[in-house]
Every structure is written in structure tokens, then in C-alpha cells.
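Colleague: I'm new to reading structures and would rather study one part properly than skim everything. Could you pick one strand, take a close look at it, and show me what sits around it?

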Amino acid sequence: MDRIINVELKDFSLDGQSDYVASIVNSGGRLYQKVLKAREMGDPFVIAVLGGDDEVASAIARSVAAMGFRGQEAEDKIIEYAHMLEIFEANCEGSNIRVWRMKERPFWRLLQRVRRVLQGGDFSAFRPHPANGERASAALSLLIGKGMGRARSEAILEKFSLTLKPKTSDTFLCDCPGIGPKIASIIQEALGLPDEMAARPKSPNISRKRLQGP
């Protein structure tokens, strides 16, 4: 599909240290430089942290302890670094850069999200099932816009049907890419379309007779 997504993985070491924390709080700002580069490239960019909030908080505390801070000074430093991470992640979100903290099944979830980022989301499987006539009245209200609420839409639909009108003659639902006989039948039933609008009629078999000479 000629689409690219860049993913920066941030893991945790066996002793609980995190390159994610270090790359933000240290003066080098390596992750900051990667974010700038990703924005210049223009492709979607994701920072996938392979852990949850507890792992990140623990990594901050370990990082502060490794620097030699103790007591109240350590507590102040932990608060400072936690605030730095929150602001960094907020700025990422504000710049359309995703930050995903994933502890459980991280790679499965990561692949699912990457797929949806590249291909686009589809909520059709989660759509609610409206009451009879509710979808048609909502559609009419959306099509007309201002001044057409649910009550007026229902009143009109008591006397008129909401149907698809072909833009050109000799056009059928099955002519649309991705619309087969089954989907066409569902659309036809939902909108009350006539049979001749759903599927293109099959060409009749024409028997050819051989012309025999005298």
C-alpha cells in the first residue's frame, strides 16, 4: 500500500532499568532527536514501551538510585523525572506521535495496532443494532442536516421511503466494488429497494440453430 510506519521499541532490562526513561531524562535527549527525525520524514511514528505504568515508575526510581540520590532529594528527583515523562508523552500526542505502553501480550497488540494505522480502522463489527426504522430516520436527518431532527424524519418516513438512486442508468448494487449478492441483498432489504436495483440480471442463454442448406 506504499505506506510506512516507524516504530521505536523501548524494552526493560533484567534489573528493571529502561532505555526509555534514560533517553528522555538524560541531557543527550536521544529519543527527542529520533522524534524530530520522524516528524521530518512525515510517516506515522510510534514509541512502543514494552511495559506498563508500574514498570516505568520502577525504572525511574532505579535510575534515580543509580545516580546516587537518596532521601528527600531522591523523592524530588523521581517526581521531576515522572513529570518530564508525562510532558514528553503529552507533547508526542500533541504532535500526532503515538506512545503505547504495553505490558500484556505487547507484540500481538503492537501488530494489531500497526495494521490498523496502515490500513485504517473499521468499527463495523462493533456497531449497535438500532430499533426498526431508527437507522433510516438517522440517515435522513444526517443527509438534510439543520432543521431535520428525529421526529421530523420519522414523520416523513411514514409517507416516503429512503432509497438509493442510481447516478446512471443500467447501474446495480453488485456493480460496486466489494458488493456481492449477499451484501446487495442486505442493502436492498434495509432500504426497501426494488429487486431490479440489487443484482444485474443474467444474460439469457441464446440457442443457436444451425442453418442447413437445401
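Modeller: Here is a tour of one strand, β2, and then of some of its surroundings.

First, some ground rules: this is a predicted model, so local features need pLDDT of at least 70 and side-chain atom pairs count only at pLDDT 80 or more, while totals for chains, interfaces and linings use all residues. Residues are numbered from 1 along each chain as its sequence is written, and side-chain values use heavy atoms, with hydrogens and water left out.

Strand β2 covers residues 45-49, and 5 of its 5 residues are buried. Buried means under 20% relative accessible area, exposed means over 50%, and partly exposed is in between (1.4 Å probe, protein chains only). Strands (E, at least two residues) and helices (H or I, at least four) are DSSP runs numbered from the N terminus.

Now look at the side chains. In a regular strand they alternate between the two faces of the sheet. Here Phe45, Ile47 and Val49 point one way from β2, while Val46 and Ala48 point the other way.

What lies alongside? Strand β1 (residues 6-10) runs parallel to β2, with 5 bridges joining them; two strands pair if DSSP finds at least two bridges between them. One bridge to find is that of glutamate 8, whose partner in β2 is isoleucine 47. Strand β3 (residues 98-101) is also parallel to β2 and is joined to it by 4 bridges. There, tryptophan 100 is the bridge partner of alanine 48.

Let's zoom in on valine 46, which is found in β2. Valine 46 counts as buried because its relative accessible area is 0%. Setting aside neighbours within four places in sequence, valine 46 is in contact (heavy atoms within 4.5 Å) with Ile5, Asn6, Val7, Glu8, Arg98 and Trp100. Take tryptophan 100: it is 54 residues from valine 46 in sequence, yet the two are 7.3 Å apart in space, C-alpha to C-alpha.

Two of the residues we've just met lead outwards. Valine 7, in strand β1, counts as partly exposed because its relative accessibility is 33%. Glutamate 8 belongs to a network, but we need salt bridges for that. Side chains of opposite charge can pair when their charged atoms come close. A salt bridge is a side-chain nitrogen of Lys or Arg within 4 Å of a carboxyl oxygen of Asp or Glu, and a search of the whole structure finds 8 of them.

Staying with β3, the strand paired with β2, the side chains of arginine 101 and glutamate 89 meet in a salt bridge (2.9 Å, N to O). Arginine 101 lies in β3 and glutamate 89 in helix α4, so the pair ties together parts that are 12 residues apart in sequence. Arginine 101 is partly exposed because its relative accessibility is 25%, whereas glutamate 89 counts as buried at 14%. As for glutamate 8, salt bridges that share partners join Glu8, Lys10, Asp19, Arg30 and Lys34 into one network.

One more pair to look at: the side chains of glutamate 55 and lysine 103 meet in a salt bridge (3.1 Å, N to O). Glutamate 55 lies in helix α3 (residues 53-66) and lysine 103 in the loop between β3 and α5 (106-119), so this pair ties together parts 48 residues apart in sequence.
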